[in-house]
Amino acid sequence: MAQEQRTQRQMAQQQTAVAQVLTGLESGREWYQDLYRHLHAHPELSMAEFATAERIVTELRAMAGAEDAEIVSRIGNTGVAAILRNGPGPCVLLRADMDALPVREDTGLAYASTATGIAPDGSTVPVMHACGHDAHITCQLAAYRLLAARREAWSGTLVALFQPAEEAFDGAQTMVDDGLVDRIPKPDVALAQHVLPGAAGTVMVSPGAIMAACDDIAITLHGKGGHGSAPHETIDPVVLTAATVMRLQTIVSREVDPNAVAVITVGRMEAGTKNNIIPEVAEIELTVRTYDERVRERALAAIERVVFAEALASGAPEPEIRVVSRLPLTANDPEVTERVQRAFAAHFGDRMRPMDPEAGSEDFGIIPDAFGAPYCYWSFGAHDPDRWDSAVRAGTAGSDFPDCHSPRFAPLLDALDTGVEAMVVAALAWLGRP
Ligand SMILES: [Zn+2]
Ligand SMILES: [Zn+2]
């Protein structure tokens, strides 16, 4: 009973703090909608977020109430952190990703991007914020600004972290490799969000695995080349590759628990130059998606076993297996998520919904993992709520609305309010207990 009363009192304190901090929402709306339109019209590719980072620093320096904040820039090339120390209490890290995609925008918005950038291969490509990272930056800056303006409502340390190159899957790791852990205070909790197809005004959050672990693997299968009319003098890597690809497909069907989820997709295979030449070598590339570390380890071990065993069966030299990129599972900490859900329920009511696991992957988790801190990652809806809900009822939401990475992905300006509120409410679930 004493515990229950304490929790109720803490919840009441938090709600008072939320109300105080959000009094500035109305008057700040024009500023953050302008900022969003600017960022949307000026997207930059992964690891080229120079103007974006500069704008973030300019905005951070101009914020009333945050004059004493420590601003650390150039973490992992373009990363920025703002550290606001506001008395004793927990340290909360908010994270937003900053990069855009090589996509030609087709939204028809007045503030649509016509920007271009230089792709890793040196070519000039169109660039668009097709994954909503402009909304993530905007909402995080706006939440930080609101909290900075009402420092009497909370106590603790707030870190707003702006991360490069989420789309390239290496931005978080680059920040960690660049000494992130020594350059910002250790967070007690890390929080991040993504704008996704859904009803504007709603937040989606669930405990446990919500984004898949991803392992991208490249394999070189060696053979012994020769004339197509004399296969007995060769070791044919084409036949070896065909057998390997087929056998890899049995891992999910024969080795993974039917109740678990795993995907193994061979997306590229390449061998040979001409019909009557048996080539020396073949290449395959695959992606593995899993939601459970044990399933992941088992699938990866099975891939290695199958690849080596098929080479052995062909009498071929040892193959080479290279991990091209690797992303950990994004799994929400149960206790942290419960606290976020309680705070969201008190603020959003039935506008809080469960979040279904996404087959996509995220590198956010690398940051809290580097500190050994628990985290929660949620999403908020991008689209017209009435149209979305009726499309869901008709079973056509997936096809009626453009998804992230689509040239037509265009979150409503109104959707931003929820992203701002969600960051404030979740941060105050730790900081709003003076
Ligand atoms: Zn994306
Ligand atoms: Zn994204």
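Which elements each supply at least two residues of the lining of the largest pocket? In this predicted model, the answer is β7 (189–199) and α12. Of these contributions, the one from β7 is the largest share, at five residues.

The space inside the largest pocket amounts to about 660 Å³. Its lining is made up of 30 residues, and those closest to the centre are Leu196, Pro197, Glu358, Asp403 and Cys404. Sorted by class, the lining comprises 14 nonpolar, eight polar and eight charged residues.

Attention may now turn to the metal site. The zinc ion (ligand 1) has as its protein donors Cys131 through SG, Glu167 through two OE entries, and His405 through NE2, at distances of 2.0 to 2.7 Å. Along the chain, these donors follow the spacing C-x35-E-x237-H. The angles subtended by the four donor atoms run from 53 to 147°, and the arrangement is therefore irregular; a tetrahedral assignment would require all angles to lie between 85 and 135 degrees.

Cys131 also forms a bridge between the zinc ion (ligand 1) and the zinc ion (ligand 2), and these two ions are 3.2 Å apart. Because Cys131 sits in the loop between β5 (124–126) and α4 (133–149), while His405 sits in the loop between α12 (397–400) and α13 (415–431), the pair ties together parts that are 274 residues apart in sequence.

The surroundings of these two donors can also be described. Cys131 has a relative accessibility of 6% and so counts as buried, whereas His405, at 40% relative accessibility, counts as partly exposed.

Key
Residues numbered from 1 in each chain as written. Chains lettered and ligands numbered in written order. Predicted model: local features only at pLDDT ≥ 70, side-chain atom pairs only at ≥ 80, totals over all residues. Heavy atoms only, no water. Donors = N, O, S within 2.8 Å, 3.2 Å for Na, K, Ca; no water. Tetrahedral: all angles 85-135°; square planar, octahedral: opposite > 155°, others 65-115°. Helix = DSSP H or I, 4+ residues; strand = E, 2+ residues; numbered from the N terminus. Buried < 20%, exposed > 50% of the residue type's maximum accessible area, 1.4 Å probe, protein only. 1 Å grid on protein atoms, 1.4 Å probe; cavity = no way out; pocket = protein on both sides within 12 Å on 5 of 7 lines; lining within 4 Å. Points joined across faces, edges and corners; volume = space filled by probe spheres on them. Nonpolar A, V, L, I, M, F, W, Y, C, P; charged D, E, K, R; others polar.
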